[in-house]
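Here are some exercises to work through with the model open in your viewer. Try each task before reading its solution.

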Amino acid sequence: MSKTLNVNYEGKHCYNIEIRPDFNDFLSCFESLDFGGNKICIVTDSNVGPLYEAKLRKILSGANESIFVTSYTIKAGEESKNLDIINKIYEHLIKNHFDRSDMLIALGGGVIGDMTGFTAATYLRGIDFIQVPTSLLSQVDSSIGGKTGVDFNKYKNMVGAFYMPRLVYINLEVIKTLPYEQLTSGMGEVIKHGLIKDNEYYAWLKENSNQVKALDYDSLEHMIYVSCRIKRDVVERDPKEKGERALLNFGHTIGHAIEKCADFSLYHGHCVGVGSIAAAYLSSKYGKLSSNDYEDIIQTFKLYDIPVSALDKSMIDKVYETSLSDKKKKGNRIKFILLNSIGDAYIEINLGKEQIVEGIEKVLK
Ligand SMILES: NC(=O)c1ccc[n+]([C@@H]2O[C@H](COP(=O)([O-])OP(=O)(O)OC[C@H]3O[C@@H](n4cnc5c(N)ncnc54)[C@H](O)[C@@H]3O)[C@@H](O)[C@H]2O)c1
C-alpha cells in the first residue's frame, strides 16, 4: 500500500517520490526533511484548494506548532500560468515575511507544480518546495524532474528553471475527484512512457484499461509507480535535457502546436495523444515502426478515450508554422521523437517540411 522511489541528481540522492493511498504519511515525510524555517505557503488552485487544502493544513498543524501556514489560491487553468500571477505569489510571500529558510507546497496539477516550482526557484534566489501533485498527469510526469516555469505570450513554458523539489508526495485517493477527461489527459502521458521506453508496460496498459478506468487501487498504484520509475530513470541520466530526456517529448512538437492553435481549449494530454499518433505515423512511414504497431497505438489511445485527431484540415499551415516555434530544435531542424518499435524511441532531426506536414495532416479532422 505504499511505494517509494529515490531520485538522484548529479549522482547524489536528491528527493523521494512517495506513493500513498492517503495523506496519512505526509507529516512523517515532511518531518524527515528537517525543515528549519517557520513559514509554509500552500499554493493551490480554485478547484483543488477547496477539496484538499484544509486536510493538508490540519496535517501540518501536527508538526512544530510554531510553524505558520498560509496559502495562495490561483484560478484553475493554463491561463493562470504566467508571470503576472507569479508576481502576485511573490507579493504574498513578501507580505508574510517569507525568508530563505521557509517553504512552498504545490498542491494541484501540473500548472500549480510548474508555477510553485518556478516561484521557489526564483524567490530570494531559491527556497525549498514540495510537490503534492493531484492530477494524474502531474503525478506521473510534471512533478518529477525539476522542470518549472510559466507560459509567455502564449509560448508554452517559455520562461522557467530547472529546480528540484525536496519531496514528491503522491496521494492516490485524490484521483477520485479528478474529472474523467483529466484522467484520460494524464493517460496520454502514461501511454507515452510505455511507447518510448517499455513495451511490456505498454502491453499491461492495453490489458488493464478497464481496471485503470474504474480506478482500481492496485492497478493505479502499479501504473503510477512504473510511470514514475520510467520518468525518474530518464531524468536521472539526463537531468538538463542534453540528450535522452528529449525522448519524453514524444508527441509534444505537434501536440503543443495543436494545443496552441486551439487556444488552449483542448486538454494537454489529449494534444500529446494526437501528437503521438502523428509521430507514430511518421515512424511507420519514414522509420522502422511496423504499420501493425501504428494501428495498435491508435487503438490503445482510443481504449482510454483519448482523441486521435483534433482541429480540422484548414488549420494545417498554422499548425505547421506553430510547430516550428517549438523549443525542441537543433539549429534550424526540429528534433522529432520517433519510434523504432513500441518501447524504443529515438531522436530524428532529418524530417523535412513535407514529411512533417504529412504527419500533421494525418491527425487533423
Ligand atoms: N514540468 C514538467 O516536466 C511538465 C511535464 C508535463 C506537463 N507539464 C505542464 O503541466 C500542465 C498540465 O498539467 P495538468 O494536466 O495537471 O493541468 P492542471 O494543473 O490545469 O490540472 C488540470 C485540472 O484538473 C484540476 N484538478 C487537479 N487535480 C484535481 C483533483 N484531484 N480533483 C479535482 N480536480 C483536480 C485542476 O484544478 C485543473 O482544472 C501544463 O501546464 C504543462 O505544460 C509540465
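**Exercise 1. Sort the residues of the shell around the ligand into nonpolar, polar and charged, then find where they come from.**

Solution. Keep in mind that this is a predicted model. Start with the chemistry: the shell splits into 15 polar, eight nonpolar and seven charged residues. Next, look for the nearest of the 30 residues around the ligand: these are Asn47, Gly109, Gly110, Ser135 and Ser142. Now go through the elements. Two or more shell residues come from each of α2 (48-60), α4 (110-122), α5 (136-142), β8 (155-162) and α6 (180-197). Last, check the domains: domain 1 (3-177) and domain 2 (180-363) each put at least three residues into the shell.

**Exercise 2. Describe how domain 1 and domain 2 meet.**

Solution. First set the bounds: domain 1 covers 3-177 and domain 2 covers 180-363. Their C-alpha centres are 26 Å apart. Then count the residues in the contact, which takes 26 from domain 1 and 28 from domain 2. On the domain 1 side, β1 (3-9), β2 (12-20), α5 and β8 each supply at least two of the touching residues. Finally, sort that side by type: 15 residues are nonpolar, six are charged and five are polar.

**Exercise 3. Find which residues of the largest nonpolar core touch the most other members, and which helix gives the most to this core.**

Solution. The core has 99 residues, and Val43, Ile105 and Leu107 have the most contacts with other members. For the helix, go to α11 (residues 268-286), the top contributor with nine residues. The core also takes at least three residues from each of domain 1 (3-177) and domain 2 (180-363). Now zoom in on isoleucine 105. Skip its neighbours within four places in sequence, and you're left with contacts to Ile40, Ile42, Val43, Phe129, Ile130 and Val132.

**Exercise 4. Work out how β9 is covered and which strands pair with it.**

Solution. Begin with burial: five of the five residues in β9 (residues 167-171) are buried. Take the faces in turn. Leu167, Tyr169 and Asn171 are buried on one side, and Val168 and Ile170 are buried on the other. Then look at the pairing. β2 runs parallel to β9 over five bridges, with glutamate 18 bridged to tyrosine 169 of β9. Strand β6 (residues 128-133) also pairs with β9 in the parallel sense, over two bridges. Here glutamine 131 has valine 168 of β9 as its bridge partner.

**Exercise 5. Why does phenylalanine 23 count as partly exposed?**

Solution. Place the residue first: phenylalanine 23 sits in the loop between β2 and α1 (26-31). Now count C-beta neighbours inside 10 Å: there are 18, so phenylalanine 23 counts as partly exposed. Buried would take 20 or more. Leaving out residues up to four places away in sequence, phenylalanine 23 touches Lys55, Leu56, Ile59 and Asn171.

**Exercise 6. Decide which residues of α10 are buried and what they pack against.**

Solution. Go along helix α10 (residues 252-261), and you'll find that 10 of its 10 residues are buried. Among them are His252, His256, Glu259 and Lys260. The buried residues pack against β8, α11, α13 (316-324), β11 (333-334), β12 (336-341) and α14 (353-363). Past the helix comes aspartate 263, with a positive phi near 55 degrees.

Key: Residues are numbered from 1 along each chain as its sequence is written. This is a predicted model: local features need pLDDT of at least 70, side-chain atom pairs count only at pLDDT 80 or more; totals for chains, interfaces and linings use all residues. A residue is near a molecule or strand if its C-beta atom, placed from the backbone, lies within 6 Å of it. Helices (H or I, at least four residues) and strands (E, at least two) are DSSP runs, numbered from the N terminus. Ala, Val, Leu, Ile, Met, Phe, Trp, Tyr, Cys and Pro count as nonpolar, Asp, Glu, Lys and Arg as charged, and the others, Gly among them, as polar. Domain bounds come from an automatic or database domain assignment. A nonpolar core is a set of buried Ala, Val, Leu, Ile, Met, Phe, Trp, Tyr and Cys residues joined through C-beta atoms within 7 Å. A residue is buried if 20 or more other C-beta atoms lie within 10 Å of its own, exposed if 12 or fewer, and partly exposed in between; C-beta atoms are placed from the backbone. Two residues are in contact if their C-beta atoms, placed from the backbone, lie within 7 Å. Two strands pair if DSSP finds at least two bridges between them.
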